[in-house]
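Hi,

Here is the structure I promised to pass on. Have a look at it first, and my notes come right after.

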Amino acid sequence: MQYSLLPILCYFTEVSPLCLYEQQVVLDIGCGTGEATTTLLDRLPQVEQIFAVDKSSEFIEYATETNNDSQILYRHMDAEDEWSKDWSNKFTLVRKTCSKM
């Protein structure tokens, strides 16, 4: 079974009103080095947790070492192939920066 992702984007310069839930649980697909992920924390104070995933183990290792925060959980995975059933209806915001999905 394949799950669809809600295509909501929050830009760093201007946060959409759709992103203003009381508490955000964010899925960051293609988090790379984690720099943009930490910027999400700065720009969205209501973020409770960010699940940041990338299919590059090197990026995840770097992000964990240099952009680590207790509110960010980094995970090495390919979101196209390894979507967890536990994640259905878990996220209030999905940010995707990968080239295709």
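Below is what I found, going from the overall fold down to single residues.

Before anything else: this is a predicted model, so please read all of it that way.

**The fold**

The chain has two helices and four strands, and along the sequence they come in the pattern β-α-β-α-β-β. Of the 101 residues, 41% count as buried. If you look at contacts between residues at least 6 apart in sequence, 60% of them join residues at least 24 apart.

The four strands form an open sheet with parallel pairing, in the order β3-β2-β1-β4. That puts β3 and β4 at the edges, where each pairs on one side only. From one strand to the next, the twist averages 15°. As general background, strands of a sheet pair through backbone hydrogen bonds, either parallel or antiparallel.

Two of the pairings are worth a look in the viewer. β1 and β2 run parallel and are joined by six bridges, with Q24 standing opposite V47 of β2. β2 and β3 also run parallel, with five bridges between them, and here V53 faces R75 in β3.

Now the helices. α1 lies across β1, β2, β3 and β4, and runs at about 170° to β2. α2 packs on the sheet too, touching β2 and β3, and its direction makes about 155° with that of β3.

**The strand with no open side**

How many of the residues of β1 are buried? Six of its six, so to speak the full set. In a regular strand the side chains alternate between the two faces of the sheet. In β1 both faces are covered: Q24, V26 and D28 are buried on one side, and V25, L27 and I29 are buried on the other.

**Two cores**

Nonpolar side chains tend to be buried together in soluble globular proteins. In this model the largest nonpolar core has 13 residues, and those with the most contacts inside it are V26, V47, I50, A52, I72 and Y74. At least two residues each come from α1 (35–43), β2 (47–54), α2 (57–66) and β3 (72–76). The largest share, three residues, is supplied by β2.

Apart from that core lies another one, made of eleven residues, including V25, M77, W87 and F91. Note that V26 is in the 13-residue core, while V25 is in the eleven-residue one, and these two sit on opposite sides of β1.

V47 is a handy place to start clicking around the bigger core. Leaving aside neighbours within four places in sequence, V47 is in contact with Q24, V26, L40, L41 and Q71.

T37, in helix α1, is another good one. Which residues does T37 touch, not counting those up to four places away in sequence? They are D28, C31, I50, A52, I72 and Y74. Among these, I50, A52, I72 and Y74 are on the list of best-connected core residues. T37 has 0% relative accessibility, so it counts as buried.

**The salt bridge**

A search of the whole structure turns up one salt bridge. R95 and D28 are the partners, with their closest N and O atoms 2.7 Å apart. The pair ties together distant parts of the chain: R95 is in strand β4 (residues 93–96) and D28 in strand β1 (residues 24–29), 67 residues apart.

Are the two partners buried or exposed? R95 has a relative accessibility of 11%, so it counts as buried, and D28 is buried as well, at 0% relative accessible area. D28 is also one of the residues that T37 touches.

**One more spot: T92**

T92 lies in the loop between β3 and β4. With 23% relative accessibility, T92 counts as partly exposed. The side chains of T92 and Q24 are joined by a polar contact of 2.5 Å. T92 also has Q23 across from it in space: their C-alpha atoms are 8.3 Å apart, although 69 residues separate the two along the chain. Q24 therefore turns up in several places: opposite V47 in β2, among the contacts of V47, and in this link to T92.

That's the lot from me. Shout if anything is unclear.

Cheers

Notes: Residues numbered from 1 in each chain as written. Predicted model: local features only at pLDDT ≥ 70, side-chain atom pairs only at ≥ 80, totals over all residues. Heavy atoms only, no water. Core = buried A, V, L, I, M, F, W, Y, C linked by side-chain atoms within 4.5 Å. Buried < 20%, exposed > 50% of the residue type's maximum accessible area, 1.4 Å probe, protein only. Contact = heavy atoms within 4.5 Å. Salt bridge = Lys/Arg side-chain N within 4 Å of Asp/Glu carboxyl O. Polar contact = N/O pair within 3.5 Å; in protein donor to acceptor, adjacent residues only side chain to side chain. Pairing = 2+ DSSP bridges. Axes fitted to C-alpha atoms, helices over the stretch in contact; angles between N-to-C directions.
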